[in-house]
Amino acid sequence: MPILKIALPVPLPTFFDYLPPPGCDIAQLQPGIRLRVPFRNQKKVGVLFDIVDNSEIISSKLRMAQEILDTEPLLSPACLHLIRWASHYYQHPIGEVVETALPNLLNQGRSTHIQADILWQLTTNGLAIDIESLSSRNHLQIELLKLLKTYPQGLTKQAIKNQLPTTINSLRSMEKKGWVITRTLIPKMSEPLVGIKSSKLALNPAQQKVVEQVCENLNHFYPCLLDGVTGSGKTEVYLQIIAKVVEQRKQALILVPEINLTPQMITRFEKRFHSPIAILHSKLTDKERLLNWLQAKDGKALIIIGTRSAIWIPLKNPGIFIVDEEHDAAYKQQDALRYSARDMAVFRAHQANVPVILGSATPSLESFFNVQQGRYHHLLLPERAGVAIHPEFHIVDMRQQPKRILSQQLCSAIEQRLDQQQQVLLFINRRGYAPLWMCYECGWVAHCQHCDANLVYHDHDKRLQCHHCGANRSIEQHCPNCRQSSLKAYGQGTERIETQLHQQFPQATVLRVDGDTTRSKPAMASMLAKIHSGEAQILVGTQMLAKGHHFPSVTLVGVLNIDGGLYSVDFRASERVAQLLMQVAGRAGRANAPGEVIIQTYHPDHPLFTHLIQAGYTSFAHASLQERQQVQLPPYGYLALFSAEARQLSLALAFLNDFKQQILSLLPQTMQLWGPVPAPMEKRKDKYRGQLLFQATQRKELHRLLTQCMPLIPKNPKIRWSLDVDPQDLL
Ligand code: ADP
Ligand code: ZN
Ligand code: ZN
């Protein structure tokens with residue numbers, strides 16, 4: 001009897017051996033199919049990886065699989081190989097890697113043949129109805145109209161039911177009046193229609209050179225760093241290279257760091273190509289995700305755009321991988337399987353023997369290093385495309401104006417832009433009104449009970465919130481320490497800046513864009529529409545506004561309070577601040593009018609500012625690389641962070657110490673093992689956290705050691721541990 005090696009979604013690092021299901025056709029047993037199997041007293045869905053002759057388990061103990069779920073493999077040999085590689089590289093149980101790679105519905109054992117949804121949608125007549133004029137007796141219909149107006153693409157009956165009480169009769173009577181219709185969401189499963197719609201832009205010489213260089217190398221592994229300043233036309237370069245890839249009927253996978261950047265990217269692609277585009281991000285429903293996944297897998301979609309998790313999508317005929325804003329930390333997953341989608345893109349391109357483009361205006365030090373080592377080709381776009389030019393920087397010394405939130409220089413610059421009907425973007429990387437709720441008598445500060453963190457004051461509901469665990473409570477009237485009533489908000493967040501702007505520029509329309517104002521998908525879309533129409537004049541936002549967006553009318557960018565990052569303990573902090581600063585600055589002056597950037601700081605002489613402004617990001621990055629080399633930190637050294645959490649710090653540290661004692665004798669001389677120490681943020685969500693840090697000069701050595709160590713992790717039900725290979729931050 002053949003033995004089936006099956007990956008199951010359980011936290012154990014092995015395959016599980018099963019016998020084929022009773023009466024099954026052995027020919028159907030191909031790696032990559034799913035099977036349902038008995039596991040302990042449950043049923044689980046697993047993926048077949050291998051078929052072998054022998055098992056280490058005695059045959060009387062082997063169980064039979066229950067049923068085969070797929071007639072042909074869901075995962076190609078290349079996908080299975082990718083999963084094995086990730087499991088080994090990140091030292092993560094293979095079955096959990098499979099679970100990350102597959103859409104939910106497939107993990108649940110559902111079929112790949114799915115029913116298309118019926119959507120209810122407003123007709124043109126329905127859209128034109130003046131809701132105010134309807135009699136209030138039709139309360140439910142009014143609510144339905146309002147709801148459907150916000151979803152012009154239509155909603156399923158279930159989605160409507162989730163928001164409004166019993167509705168089907170009201171929908172039917174509205175259908176009779178000609179206000180709504182139903183349509184089926186037909187999965188776009190037709191053959192790919194390949195063609196290019198709108199005329200492409202005439203490339204400038206630098207763009208031309210990049211496009212030619214990549215297009216000459218489409219038929220083999222060709223890793224490159226596209227190092228192009230903000231607004232240099234990287235997207236146009238992607239589009240023209242992809243046109244060539246699609247012409248050969250091959251697929252292009254494009255990753256963007258943030259879901260909010262997908263609509264902009266999709267629009268630019270839809271304008272250019274007559275080809276179905278598969279989209280993958282976290283806000284899709286399970287069904288949408290599966291449909292898009294299948295389109296990519298079956299080769300029906302030639303263009304696939306998505307966020308981090310899209311890196312797992314199977315491609316029938318891969319032609320190129322593109323990672324836009326490759327430096328962005330969002331490409332690293334920070335829990336469970338801690339993979340880097342950027343690094344995996346390079347692996348996949350190598351596997352498929354095709355190019356991979358890592359694009360950024362502020363490349364990561366890792367990518368610069370890879371260029372220096374001759375591993376990546378360096379493609380440069382040194383100038384802005386079209387007529388736009390680089391913005392001008394000004395540093396404002398806030399020590400001279402300690403009482404002000406907005407400096408005089410910034411205020412007059414804002415005034416000037418408002419007069420000229422141009423837009424202003426103010427960047428502050430903190431949502432809420434103020435980061436501290438504090439007693440001005442005795443210095444007491446409101447703290448989260450569950451975390452090592454201060455509570456953030458939110459003015460709209462006058463409550464205090466923890467941004468780490470979500471704890472939320474009302475404010476006290478008297479200081480719990482000295483009983484005085486001198487509690488006040490201290491410091492600045494987006495809400496406070498918004499309030500301040502309303503006071504100082506009452507005539508201007510201010511729009512705040514942060515995690516609080518953009519919870520829902522339609523909210524972000526309508527905000528972006530207000531920015532593009534010019535209705536909003538001053539934009540206040542966190543980094544979600546700073547990244548990647550193209551707002552042609554923004555000519556002034558104000559950076560408020562970036563100082564926090566200047567003195568952080570994390571070794572990547574200065575790289576992050578520099579990238580963020582250049583990215584925010586990159587929103588200014590992207591079209592005809594020149595841009596200006598004003599940085600408010602209490603440390604105007606900080607070398608980071610002077611270096612960046614006088615010598616530019618590339619020079620800053622090279623200097624930072626030298627510093628990293630001196631201390632053998634990435635990219636010159638390799639790290640893995642082993643963390644443990646427990647109800648008490650001593651428990652976590654004792655566990656880590658046990659582990660350390662187990663492995664010390666295995667440690668080669670060239671490697672270091674630091675700790676155990678408490679994590680920089682010692683307590684989070686009521687758990688205390690400790691860390692051990694592995695540091696190596698050779699990646700191979702690090703991996704060899706990790707592989708040896710994993711089986712030696714002490715078993716302790718009171719501890720939750722995790723391993724992060726190539727950690728992005730050590731917090
Ligand atoms: P990046 O992605 O590098 O920040 P974009 O691709 O968004 O830059 O380009 C910035 C702007 O320049 C866009 O409005 C784009 O249409 C325009 N652009 C790009 N390439 C050209 C070109 N060759 N000629 C004229 N305009 C261009
Ligand atoms: Zn908390
Ligand atoms: Zn007090």
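This briefing looks at a zinc site and the small set of strands around its cysteines. The model is predicted, so local features need pLDDT of at least 70, side-chain atom pairs count only at pLDDT 80 or more, and totals for chains, interfaces and linings use all residues. Residues are numbered from 1 along each chain as its sequence is written, and side-chain values use heavy atoms, with hydrogens and water left out.

**Zinc site**
- Cys448, Cys451, Cys466 and Cys469 each offer SG to the zinc ion (ligand 2), at 2.2 to 2.4 Å; donors are N, O and S atoms within 2.8 Å of the metal (3.2 Å for Na, K and Ca), and sites may look incomplete because water is not among the atoms.
- The angles between the 4 donor atoms run from 104 to 115°, so the arrangement is tetrahedral (four donors, all angles between 85 and 135 degrees).
- Along the chain, the donors follow the spacing C-x2-C-x14-C-x2-C.
- Cys448 lies in the loop between strand 19 (436-439) and strand 20 (456-458), while Cys469, 21 residues apart from it, lies in the loop between strand 21 (463-465) and strand 22 (472-474); strands are DSSP runs (E, at least two residues) numbered from the N terminus.

**Cysteine exposure**
- Cys448 is buried at 5% relative accessibility, whereas Cys469 is partly exposed at 27% (buried is under 20%, exposed over 50%, partly exposed in between; 1.4 Å probe, protein chains only).
- The whole structure has 0 disulfides (pairs of cysteine sulfur atoms within 2.5 Å).

**Sheet**
- Strands in the order 20-21-22 form an open antiparallel sheet, where pairing takes at least two DSSP bridges.
- Strand 20 and strand 21 are joined by 3 bridges, and Val456 has Gln465 as its bridge partner.

Definitions and conventions: Chains are lettered from A and ligands numbered from 1 in the order in which they are written. Four donors count as tetrahedral if all angles lie between 85 and 135 degrees; four count as square planar and six as octahedral if opposite donors are over 155 degrees apart and all others between 65 and 115; anything else is irregular. Helices (H or I, at least four residues) and strands (E, at least two) are DSSP runs, numbered from the N terminus.
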